[in-house]
Amino acid sequence: MTSDALTNPTVHIAYAQLTIQLALARGVRRELLLEGLDIDPAELQRPGGRLTLRQWGRLIARALKLTRHPGIAYEFGLRNNLTTHGIFGYGLLSSATVRDAFEFSTRFAPLTTVAFGMRWFIEGDQAVLRLTERIPFGSVRQASIEMCLVSWWHTLMQSFEALQPQFEMRFEWPEPPHFRAFRDRLPPLRFAAGVNELRCPVALLDRRIGTANEMTARMVAGQCERELAQMAGSGNCLERVRAALVAEHGEYPGLEAVACRLCTSTRTLKRRLHALGYSFQQLLDEVRHREAMRLLANPALSVEDIAGMVGYSSSANFTRAFRKWQGATPGAFRHQPASPPPLSAPAEARAALQ
């Protein structure tokens, strides 16, 4: 992770406005909430405005501290709706089918924030939308993930309302005490699942959305592509490449596939990465390292399983790469008394979000 990831304005201003509204509703004074956060009040009112990830993380931390209500993360997700997401929400509404909406979501997720990405895949009779982390959120990690995942679910429910979709939500941590107050307002949840994701029957994928409009969908997709191109040209190229590097059945996309997704040529992408001091292979190794660290925390997965999941053809190749990253084999690292956080970011970057 680079310092640009924290200081570039990438978080949709509507999410900050909603967080502020929830804190004010619980009796927190606006001046106290925003004190020292370096958030320009004018930016909060500007259509299309964005906060930096540093500002966003600190705002979440301040709201949690002053409200003393961890359930504010669930409230945030339940209050999010299609219009909150701006043009992204209209893209979901105009999609032809649920499958198209899932494709749109994964393709343009960086327009909401580069902190999280999403990917979707089919597993048995289930379609899965899985959250992927790009930024270490430290002490507000759980709240940030709850905000994101509940928001996805609530927005998709609004998009697919006529289809009456049956979603299941999964979180990687044990059931928190504040969940009880929201049980009846959320879909079935499975805690301690080791992943953060939404699931629905695969039969839903090809159902047509009632608000589908082909012309609007093309227009919205074009606008989203332009916004992504602007983000790529304004210092967010690294985050967009990281967001695109998601394994499908143990295979990561190559340079050409990522360039295509970012609507650029391989030559241009390589030049942009080189100007930032990176190569495509470095970013791929970084993503594999981060994912391997996360998967090793799950004792149910063998080293061989993890090797395949992060794109290595053999456990021996994976072990050599992991030893280079961590100075220890995966097995030895797993049995250390205390492992470092799964995201290998500098401590000062994690602290910057607090």
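In this predicted model, Phe322 is buried, because its relative accessibility is 0%, under the 20% cut-off. Phe333 has a relative accessible area of 4% and is therefore buried. The structure holds 16 aromatic pairs. Phe322 and Phe333 form one of them: their ring centres lie 5.4 Å apart and their planes stand at 65°, so the pair is edge-to-face. Planes over 60 degrees apart receive that label. The pair links distant parts of the chain. Phe322 belongs to helix α15 (residues 315-326), and Phe333 to helix α16 (residues 330-334). The two residues are 11 apart along the chain.

Phe171 and Trp173 pair in another geometry. Their ring centres are 5.1 Å apart and their planes meet at 15°, so this pair is stacked. The cut-off for stacking is under 30 degrees. Both Phe171 and Trp173 are buried. They also belong to an aromatic cluster, whose members are Tyr74, Phe171, Trp173, Phe179, Phe182 and Phe191.

Helix α13 covers residues 280-296. Its 17 residues should span 24 Å at 1.5 Å a residue. The C-alpha atoms at its ends are 24 Å apart, which agrees with that expectation. Of the 17 residues of α13, 12 are buried, so the helix is largely enclosed by the rest of the structure. The buried set includes the hydrophobic-named positions Phe280, Leu283, Leu284, Val287, Ala292, Met293, Leu295 and Leu296. Glu286, Arg288, His289 and Arg290 are also among the buried residues of α13. The charged end of Arg288 sits over the ring of Tyr312, at 4.5 Å from the ring centre.

Phe280 of α13 is also in contact with Pro253. Pro253 is found in the loop between α10 and α11 (255-261). Leaving aside neighbours within four places in sequence, Pro253 is in contact with Ala244, Leu245, Val246, Val258 and Phe280. Pro253 and Ala193 are 60 residues apart in sequence, and their C-alpha atoms are 26 Å apart in space.

Glu227 lies in helix α10 (residues 214-244). Its contacts, neighbours within four places in sequence left aside, are Arg50, Ile87 and Leu111. Leu262 is 35 residues from Glu227 along the chain. The C-alpha atoms of Glu227 and Leu262 are separated by 11 Å.

Helix α5 covers residues 53-67. At 1.5 Å a residue, its 15 residues should span 21 Å. Its end C-alpha atoms are 21 Å apart, in agreement. The buried residues of α5 are Leu53, Gln55, Trp56, Gly57, Leu59, Ile60, Ala63 and Thr67. Arg68 follows α5 and has a positive phi, near 55°.

Helix α2 (residues 13-25) packs against α5 through a defined set of residues. The axes of α2 and α5 come within 10 Å and cross at roughly 10°. That angle makes α2 roughly parallel to α5, because angles under 35 degrees count as roughly parallel. From α2, the residues involved are Tyr15, Ala16, Thr19, Ile20 and Ala23. They meet Trp56, Leu59, Ala63 and Thr67 in α5. Trp56, Leu59, Ala63 and Thr67 also appear among the buried residues of α5.

Notes. Residues are numbered from 1 along each chain as its sequence is written. This is a predicted model: local features need pLDDT of at least 70, side-chain atom pairs count only at pLDDT 80 or more; totals for chains, interfaces and linings use all residues. Side-chain values use heavy atoms; hydrogens and water are left out. Helices (H or I, at least four residues) and strands (E, at least two) are DSSP runs, numbered from the N terminus. The expected span of a helix is 1.5 Å times one less than its number of residues. Buried means under 20% relative accessible area, exposed over 50%, partly exposed in between (1.4 Å probe, protein chains only). Rings of Phe, Tyr and Trp (its six-membered ring) pair if their centres lie within 6.5 Å; planes under 30 degrees apart count as stacked, over 60 as edge-to-face and the rest as tilted. A charge sits over a ring if NZ of Lys or CZ of Arg is within 6 Å of the ring centre and within 35 degrees of the ring normal. Contact means heavy atoms within 4.5 Å. Axes are lines fitted to C-alpha atoms, for helices over the stretch in contact, and angles run from 0 to 180 degrees between N-to-C directions. Angles under 35 degrees count as roughly parallel, over 145 as roughly antiparallel, 65 to 115 as roughly perpendicular and the rest as oblique.
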